[in-house]
Amino acid sequence: MKDMPLPISPDRWLGHLFASRAAASGGVVRRNSRDIERIVGRERFLAELDRRGFRAVENAGQIIVFCNRDAVRILR
């Protein structure tokens, strides 16, 4: 199964993610961490977050991206 071609290129996937309405308006987006690793790769994904100045958190196999430069606080 690892040899199957990807359904979308990494560049296109990142483009779709950050062109979404939520991302474009400074909101949040959620993606499955396994999909990120499979399609884009964790290092490249994190580098893109750094380039944009965004923050992210991970929990239970999901990554939540805060598509703005505001501080993120974990409440509990």
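What follows is a walk through the fold, the two main helices, the strand pairings and a few individual residues of this predicted model.

Starting with the overall layout, the protein chain is built from four helices and three strands. In sequence order these run α-α-β-α-α-β-β, which puts a pair of helices ahead of β1 and another pair between β1 and β2. Along the principal axes, the C-alpha atoms take up a box of roughly 40 × 25 × 20 Å. The chain has 76 residues, and 28% of them count as buried. Among contacts with a separation of 6 or more, 54% come from residues 24 or more positions apart. As for the surface, the accessible area is about 5900 Å², with carbon and sulfur atoms contributing 50% of it. Charged side chains are split into 15 positive and 9 negative ones, and the centres of those two sets sit 7 Å apart.

Helix α1 spans residues 10-19 and has a clear inside and outside. On the inside, W13, L14, L17 and F18 are buried. Viewed down the helix axis, the buried residues of α1 fall within an arc of 120°, so they line one face. That spacing fits the general rule: an α-helix has 3.6 residues a turn, so residues three or four places apart point the same way. Over on the other side of α1, D11, R12 and A19 are exposed. The buried set of α1 has plenty of partners, packing against α2 (21-24), β1 (28-32), α3 (33-39), α4 (42-52) and β3 (62-66).

Helix α4 tells a similar story. Here F45, E48 and L49 are buried, and they cover an arc of only 100° around the axis, which puts them on the same side of α4. One of these buried residues, E48, is a glutamate. Facing the other way, E43, D50 and R51 are exposed. The buried residues of α4 pack against α1 and α3, and also against the strands β2 and β3. Just after α4 ends, G53 takes a positive phi of about 75°.

Turning to the strands, β3 pairs with both of the others. With β1, the pairing is antiparallel and runs over five bridges; in that ladder V28 stands opposite F66 of β3. Strand β2, residues 55-59, also pairs with β3 in the antiparallel sense, again over five bridges. In this second ladder, R55 stands opposite F66, while A56 stands opposite V65. F66 of β3 therefore has V28 across from it on the β1 side and R55 on the β2 side. 

The hairpin of β2 and β3 leaves two residues between the strands, and A60 is found in that loop. A60 has a phi near 50°, a positive value in a residue other than glycine. For background, most residues other than glycine have a negative phi. Is A60 buried or exposed? With a relative accessible area of 74%, A60 is exposed.

Two further residues show how the region around this hairpin meets other parts of the chain. S33 lies in helix α3 and counts as buried, at 9% relative accessibility. Leaving aside residues up to four places away in sequence, S33 touches R42, E58, G61, Q62 and I63. Q62, in turn, lies in strand β3. With the same sequence neighbours left out, Q62 touches R30, R31, N32, S33 and V57. The contact between S33 and Q62 thus appears in the lists of both residues. Q62 and S25 are 37 residues apart in sequence, and their C-alpha atoms are 21 Å apart in space.

Key
Residues are numbered from 1 along each chain as its sequence is written. This is a predicted model: local features need pLDDT of at least 70, side-chain atom pairs count only at pLDDT 80 or more; totals for chains, interfaces and linings use all residues. Side-chain values use heavy atoms; hydrogens and water are left out. Buried means under 20% relative accessible area, exposed over 50%, partly exposed in between (1.4 Å probe, protein chains only). Contact means heavy atoms within 4.5 Å. Accessible areas come from the Shrake-Rupley method with a 1.4 Å probe; for residues, only the protein chains shown count as cover. Lys and Arg count as positive and Asp and Glu as negative; His and the chain ends are not counted. The place of a charge is taken as NZ of Lys, CZ of Arg, CG of Asp or CD of Glu. The arc is that of the directions from the helix axis to the C-beta atoms. Two strands pair if DSSP finds at least two bridges between them.
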